[in-house]
Amino acid sequence: MTTLVYLMPVALFLGALGLSGFLWALRSGQYEDLDGAAERILIDRDDKLDN
């Protein structure tokens, strides 16, 4: 039972840390352009350099 006294605050702290990291990522714009990174790999940059 005494282990719960130590594990519950640790679990709550880690959960709050993960939530704050997620909210920081949302506010800093990490999830704004989800399709851009997926399509960027398909662009062949060698064709642009030859022009």
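**Close-up views of a three-helix model**

L23 is found in helix α1. Keep that residue in mind, since the views below come back to it. The model shown here is predicted.

**View 1. The whole protein, a chain of helices and no strands**. Welcome to the overall picture: the secondary structure consists of three helices and zero strands. Following the sequence from start to end gives the pattern α-α-α. How much of the protein is buried? Of its 51 residues, 4% are buried. The protein exposes about 5100 Å², and carbon and sulfur atoms supply 64% of that area.

**View 2. A nonpolar patch on the surface**. Here we meet L23 again, together with L19, F22, L26, Y31 and L34. These residues make a nonpolar surface patch of about 580 Å². Which helix gives the most to the patch? That is α1, with four residues. L23 itself has a relative accessible area of 33%. This residue counts as partly exposed because its value lies between the 20% limit for buried and the 50% limit for exposed.

**View 3. An aromatic pair, F22 and Y31**. Two members of the nonpolar patch, F22 and Y31, take centre stage in this view. The structure holds one aromatic pair, and F22 and Y31 form it, with 6.0 Å from centre to centre. How are the two rings arranged? The pair is tilted, with 50° between the planes. The label "tilted" applies because this angle is neither under 30 degrees, as for stacked rings, nor over 60, as for edge-to-face rings. Both partners can also be placed by their accessibility: F22 is partly exposed at 39%, and Y31 is partly exposed too, at 44%.

**View 4. A patch of negative charge**. Which residues gather in the patch of negative charge on the surface? They are E32, D33, D35 and E39. To find your way around this view, start from D33, which sits in the loop between α1 and α2. On one side of that loop, α1 covers residues 2–27; on the other, α2 covers residues 34–40.

Notes: Residues are numbered from 1 along each chain as its sequence is written. This is a predicted model: local features need pLDDT of at least 70, side-chain atom pairs count only at pLDDT 80 or more; totals for chains, interfaces and linings use all residues. Side-chain values use heavy atoms; hydrogens and water are left out. Rings of Phe, Tyr and Trp (its six-membered ring) pair if their centres lie within 6.5 Å; planes under 30 degrees apart count as stacked, over 60 as edge-to-face and the rest as tilted. Buried means under 20% relative accessible area, exposed over 50%, partly exposed in between (1.4 Å probe, protein chains only). Patches are made of residues with over 30% relative accessible area and no salt bridge: like charges are joined within 9 Å, nonpolar side chains (Val, Leu, Ile, Met, Phe, Trp, Tyr) within 5 Å. Accessible areas come from the Shrake-Rupley method with a 1.4 Å probe; for residues, only the protein chains shown count as cover. A salt bridge is a side-chain nitrogen of Lys or Arg within 4 Å of a carboxyl oxygen of Asp or Glu. Lys and Arg count as positive and Asp and Glu as negative; His and the chain ends are not counted. The place of a charge is taken as NZ of Lys, CZ of Arg, CG of Asp or CD of Glu. Helices (H or I, at least four residues) and strands (E, at least two) are DSSP runs, numbered from the N terminus.
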